[in-house]
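Me: I'd like a close look at one part of this structure, starting with a turn between two strands. Keep it brisk, and then show me how the surroundings are built.

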Amino acid sequence: MFFIKYFPIVQTAIRPSVTTMVHRFNKDQLFSQTTQNIFVPTQTASIATSQHYYAKTKDKKKEKGKKTTKIEINQSQLREIVNYDAINKQMQKAMQQMKDDFLLHLSLRSTTGAIDTLRITVDGKEHELQELAQISRKNPKTIVVNMIAFPQTIPDVLKALEKSGMNLNPQQDGTTLFIPIPKVTKEHREKLSKNAKNLFTKYRDTIKDIQNNSIKKLKKQTDISKDDMFSVQNQLTAVADQYIAEADKILQTKQKELIGDS
């Protein structure tokens with residue numbers, strides 16, 4: 001009886017709440033649908049992007065095992081667009097200078113030939129030691145340098161001998177320098193090997209500078225197509241790389257010779 005009596009009141013009280021709940025449900029559902037319509041594509045894009053990056057990472061790992069494509073050097077094309085002969089000559093000159101320096105300054109035993117051509121800087125100008133002094137051997141273990149003609153250059157000569165990398169310790173007596181020929185020790189071999197690497201780096205950078213300067217000049221040209229410019233740039237880089245690879249082989253051979261079995 002209580003329920004029947006008060007049911008209309010309860011029903012009236014509940015109906016607004018139910019209506020409100022339905023209204024809220026419809027509103028929330030609408031918001032949820034709207035939200036889904038807005039954000040689902042973004043989420044999908046995010047997943048696709050993540051997969052794209054993953055694929056890139058995998059590709060990079062695969063590329064590491066691949067060999068770089070060999071670039072064919074078309075000398076005729078290079079001569080038409082840049083001064084290829086001059087560029088090639090400059091790189092050859094750098095290579096020859098490196099070979100000469102290896103021969104003169106990286107001998108296990110100091111020779112009068114290496115001392116003769118030692119470069120001395122005097123007042124900003126370079127001279128070979130043989131232009132400033134008389135050089136001879138007193139005995140198999142000592143080289144004599146007579147500086148009587150240009151005694152004022154003795155400090156410059158001593159400085160050059162110290163930096164020669166030949167492990168020399170000259171002794172001065174008036175205008176004469178006595179240079180004991182150092183013993184071949186493990187430390188001396190390692191020092192010469194390090195000097196070889198330094199000389200290689202010097203001439204490698206020289207070749208790279210020639211390459212970069214040539215490419216800078218190339219990029220200033222306005223009468224060639226982009227394809228030709230790109231092709232020539234790659235070829236100039238390949239030419240430089242060939243010289244550097246050759247220089248590196250010479251370095252490896254020299255270092256093996258210097259280090260020996262010690």
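Through how many residues does a hairpin join E3 to E4?

Reply: Two residues: the hairpin joins E3 to E4 through them. Keep in mind that this is a predicted model.

Start with the strands themselves. E3 covers residues 134-139 and pairs with E4 in the antiparallel sense. Five bridges hold that pairing. For a landmark, find Ser136, which stands opposite Val144 in E4.

Now follow E4 across to its other pairing. E4 spans residues 142-146, and five bridges join E4 to E6, residues 176-180. These strands also run antiparallel. Thr142 of E4 has Pro180 as its bridge partner in E6. So E4 is paired with E3 and with E6, as pairing needs at least two bridges.

E6 then leads to E5. Strand E5 takes in residues 171-173 and pairs with E6 over three bridges, antiparallel once more. Look for Gln172, opposite Leu177 in E6. E5 and E6 form a hairpin as well, with two residues between them. In that turn Gly174 has a positive phi of about 65 degrees. One general point helps when reading side chains here. In a regular strand, they alternate between the two faces of the sheet.

The strands fall within the bounds of domain 2, 109-180. Move next to helix H4, residues 112-116, where Ala114 sits. Ala114 counts as buried because its relative accessibility is 3%, and the cut-off for buried is under 20%. Set aside its neighbours within four places in sequence, and Ala114 is in contact with Leu104 and Met166. Leu103 is 11 residues away from Ala114 along the chain, and their C-alpha atoms are separated by 8.0 Å.

Lys254 offers a second buried position. Lys254 belongs to helix H8, residues 226-259. Its relative accessible area is 12%, so Lys254 is buried too. Beyond its neighbours within four places in sequence, Lys254 is in contact with Phe102, Leu106 and Ala196.

Then there is the largest pocket. Domain 1 (76-106 + 185-259) and domain 2 both give residues to its lining, so this pocket lies between them. Its volume is about 490 Å³. The lining has 18 residues, and His105, Leu118, Arg119, Lys163 and Ser164 lie nearest the centre. H3 (84-105), E1 (119-122), H6 (154-162) and H7 (186-219) each supply at least two lining residues. H7 gives the largest share, five residues. By class, the lining of the largest pocket divides into seven charged, six polar and five nonpolar residues.

The second largest pocket has a volume of about 160 Å³. Its lining includes Val82, Asn83, Ala86, Asp209 and Gln221. H3 and H7 are the elements that give two or more residues to this lining. H7 supplies the largest share here, six residues. The lining of the second largest pocket has five nonpolar, five polar and two charged residues.

To trace the route on screen, begin at the two-residue hairpin between E3 and E4. Cross from E4 to E6 over their five bridges. Finish at the E5 and E6 hairpin, with Gly174 in its turn.

Key. Residues are numbered from 1 along each chain as its sequence is written. This is a predicted model: local features need pLDDT of at least 70, side-chain atom pairs count only at pLDDT 80 or more; totals for chains, interfaces and linings use all residues. Side-chain values use heavy atoms; hydrogens and water are left out. Helices (H or I, at least four residues) and strands (E, at least two) are DSSP runs, numbered from the N terminus. Buried means under 20% relative accessible area, exposed over 50%, partly exposed in between (1.4 Å probe, protein chains only). Contact means heavy atoms within 4.5 Å. On a 1 Å grid over the protein atoms alone, a cavity is a set of points where a 1.4 Å probe fits but cannot get out, and a pocket is an open set with protein on both sides within 12 Å along at least five of seven lines; lining residues have an atom within 4 Å of a point. Grid points are joined across faces, edges and corners, and a volume is the space filled by probe spheres set on the points. Ala, Val, Leu, Ile, Met, Phe, Trp, Tyr, Cys and Pro count as nonpolar, Asp, Glu, Lys and Arg as charged, and the others, Gly among them, as polar. Domain bounds come from an automatic or database domain assignment.
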